[in-house]
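This briefing takes up a single protein model, beginning with its internal space and moving on to the overall fold and two individual residues. Please keep the structure in view while reading the points that follow.

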Amino acid sequence: MSEDEKNDFEPELEKDGSVSDEEKDHSTSDAEQDKPSAGTATVPDEGLVIAASELPDLIPVIPIRPRPAFPNLFIPITITGKGRINALKRALNTPHRALGLILARNPEAEDSVDNFCRVGVGGTVVKIIQVDEDTANFLFNCQERFSVRNIVLTRGIFFAQVEYHPAPELPPSRELKAYSMAIIAALKELVQINPLYSEEIKTFLTRSSMGDPGKLADFAANLTTVEGAELQQLLETFDVRKRVDRVLVLLKKELDISRLQSKIAKQIEEKMSQQQREFFLREQLKGIKKELGLEKEGKDSDVEKFAERLKKLTLNEEAEKAAREELEKLSLMESSSAEYIVSRNYLDWLTCLPWGKYSKDSYHLERAHKILNRDHYGLDDVKERILEFIAVGKMKGDISGSILCLVGPPGVGKTSVGRSIASALNRSFYRFSLGGMRDEAEIKGHRRTYIGALPGRFIQAIKVAGTSNPVIMLDEIDKIGASYQGDPASALLEVLDPEQNSSFRDHYLDVPFDLSHVLFIATANQLDTIPAPLLDRMEVIRLAGYILEEKVEIAKRYLVPKNLTAHGLKRGQVSLKPDTLTAIINDYAREAGVRGLENRIKKIMRRAAMKIAKGEATKVVPQRKDLQEYLGKPEFVEDEVFTGVLGVATGLAWTSLGGATLQIEATSTPSKTKGFKQTGQLGSVMVESSEIAYNYVNTHLKENGVKEDYFDTHFIHLHVPAGATPKDGPSAGVTMATALISLIRGIPVREKLGMTGELTLTGKVFPIGGLKEKTIAARRVGLKTLIFPEGNRKDFEELPDYLKEGLEVHFAKEYEDVRRIAFSENTGGESGDTSSAS
């Protein structure tokens, strides 16, 4: 380096030895980090010139990251950046070759005066290994600690005014020797756990005194892997005893970490060794089996397995051809290819299906009748329809092409009836829900080209059932949806059409499969939401629900014993008497089904189990007065049927939960202009019915003995209570007309009378639906006289005798028939049949 270049690195000093203010510059662009190699102590080669022991007070300094250097060590240093390389050159151009290393406070921040710690290490550059414009590698002899008095930046180089803290010479003592021996013992233990440190420790001990604990402490600290900030605190500890104490703590932490690391490594090694051992044993076992002919390679084994399955199946011609072609393709593929997995899964599905396997049907009517009576109480009309269905199958020798649809409120036993049918026919049973299904692929499967493709739910059902003629229940068919992914209801048309399902083609299999022998049983709460083409393919069987007496019997025979077992209770520990069950049904579980009733019984069982478990009782027999303790306040109050009130008539309605009664009220207000208003959240059809009733009554005022201008001088208000509940349907027409006539004539409607029927403008009474549910609702509230349309006579006659018992029923063709019954005490036989209680 030329003399001029040397002068470029010499700072202009003031008389007091500090750098002049004019040349101070606190900006820097060196952002890269300089890293001393932690834990590396090196002895310089022979012949290297070691710097003088006397170091100057003003030296160039370099920031290091992420940990500080310690005295009495030789460490290799790598630096980057023009400013740091210039600082190195400045040190090389001095006789003592002195340089300072100071830890940066923030490793992420750029070099600045404020980013230097206040204690560092001074030493000499021993050897330059490599230097170029951007990088320099050199060997550095760390000699003494120093405290920074002042740092300035001149021409891109940091200079520090420092004060050195040489290690004091301590007189030999037992305490110092004990400290030294403690550090050496810790280092030996560390070497046993981590042999990587052994060479460095040997080198240090050959050139250092065993009786100098300060040097030992610095060396030991340099070996640890603790954070730079903690090491900096140790570097700033000038008192030897305090420094040794801190180093012993650090070594203890390092030993704990090394032990944990060694333990983890040992566990991993043992696990890997076990896995390798198992792998070699499996490979040897495969080789032995292969030599003995007991096992073949994966691909050969798959091909042979599928070929054996095909021999046992009776596939149709197209499916047989597709399976053979796919099997041949599989034998030519590499087992590691993605296409191999797709082909293998396809053949697996194709050969797992029960092609040509049928369970033998049982058409024994007595056995079927016993099974239906065993599983269900009541529902005699439903059981009769099912037995007729089985009888037809017995005569034909087959029940293929039949699709039943069980319609009724929740909890009436639709799913369990389907299971009983399967048991009576000796067929396997599979149920899946269509509720909320929006993807057509759920019905017909996915194409094989898609990742994770699967057959549709029907093919999956056939596979699980294990026969080609199971009973498949399609639950909640009225709640099937549609989306941009397709219309599942339309896809069901092919499945449920007897003319098409004999060659049902799933998108995944892409070969025809015969579903014509499957008995499909669908369930629904209502028929309105089922598409007409789909409904046309099904035979509808209605389950109207249970009356009070039936619910009591069902609870005694099925629900109470079942829940005693489910709650770990023995027979006799909890007893529910008929009057208690009646109260539960009337006050807490009035729905058409028995699901709500079962939930209340479960709640009683839980409370009873807690009492018995606590030892408060050995037997629990809840009485009617105790029900609030077990079930809380009653959820229902007695249905109030208004009698003797002008302008009020009781109608019968159908809901998805069963039958219900409606109190229809009419009032009038004198007015100069006519007017008619309806309230009660009525639907459009019900509003039309009210307007028809209003107009009919308006045109027949004279026959009712009322002035013909009555409606011209009165504002009429018609209300249906329970305004928060939406209501709709045409069957309230006769009830509305009756309420209006009661209002204008000033005569109350006959007591305990209920009616239903659609009214026309000419006074005709048209038939309605849900007659059984409406009859059950009438019995529940204590109505004794009922008026039905003449068109429903046949439906009423088909009802069980226990529903008709004790009811006086009339059938009306015209509204005049209704009026005579509603406002006359003596109407026996005038307009219809009468059923009286036995």
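The lining of the largest cavity in this predicted model is made up of seven nonpolar, three polar and three charged residues. Those 13 lining residues include Phe 642, Val 648, Thr 650, Val 749 and Arg 750, which are the ones that lie nearest the centre of the cavity. Strand β15, spanning residues 648–655, supplies three residues, and this is the largest share of the lining.

**Cavities**

- When the whole structure is searched, five cavities of 30 Å³ or more are found.
- The largest cavity holds about 80 Å³ of space, and its lining takes three residues from strand β15.

**Overall fold and surface**

- The secondary structure of the protein consists of 27 helices together with 23 strands.
- Of the 838 residues in the protein, 47% are buried.
- Among contacts in the protein with a separation of 6 or more, 75% are between residues that stand 24 or more positions apart.
- The protein has an accessible surface of about 41,800 Å², and carbon and sulfur atoms account for 50% of that area.

**Thr 523 and its surroundings**

- Thr 523 is a residue of strand β13, which runs over residues 519–524.
- Thr 523 counts as buried because its relative accessibility is 1%, where the cut-off for a buried residue is under 20% relative accessible area.
- A polar atom of the Thr 523 side chain lies 3.1 Å from the backbone nitrogen of Glu 476.
- If neighbours within four places in sequence are left aside, the residues in contact with Thr 523 are Leu 406, Lys 414, Met 473, Leu 474, Asp 475, Glu 476, Ile 477 and Asp 478; Glu 476 is thus listed among these contacts as well as providing the backbone nitrogen at 3.1 Å.

**Ser 824 and its link to the cavity lining**

- Ser 824 is placed in the segment that follows helix α27, whose residues are 815–822.
- With a relative accessible area of 26%, Ser 824 is partly exposed, a class that covers values between the 20% limit for buried and the 50% limit for exposed residues.
- Although Ser 824 and Arg 750 are 74 residues apart in sequence, their C-alpha atoms are 7.3 Å apart in space, and Arg 750 is itself one of the lining residues that lie nearest the centre of the largest cavity.

Conventions. Residues numbered from 1 in each chain as written. Predicted model: local features only at pLDDT ≥ 70, side-chain atom pairs only at ≥ 80, totals over all residues. Heavy atoms only, no water. 1 Å grid on protein atoms, 1.4 Å probe; cavity = no way out; pocket = protein on both sides within 12 Å on 5 of 7 lines; lining within 4 Å. Points joined across faces, edges and corners; volume = space filled by probe spheres on them. Helix = DSSP H or I, 4+ residues; strand = E, 2+ residues; numbered from the N terminus. Nonpolar A, V, L, I, M, F, W, Y, C, P; charged D, E, K, R; others polar. Buried < 20%, exposed > 50% of the residue type's maximum accessible area, 1.4 Å probe, protein only. Contact = heavy atoms within 4.5 Å. Areas by Shrake-Rupley, 256 points an atom, 1.4 Å probe, with all protein chains shown as cover. Polar contact = N/O pair within 3.5 Å; in protein donor to acceptor, adjacent residues only side chain to side chain.
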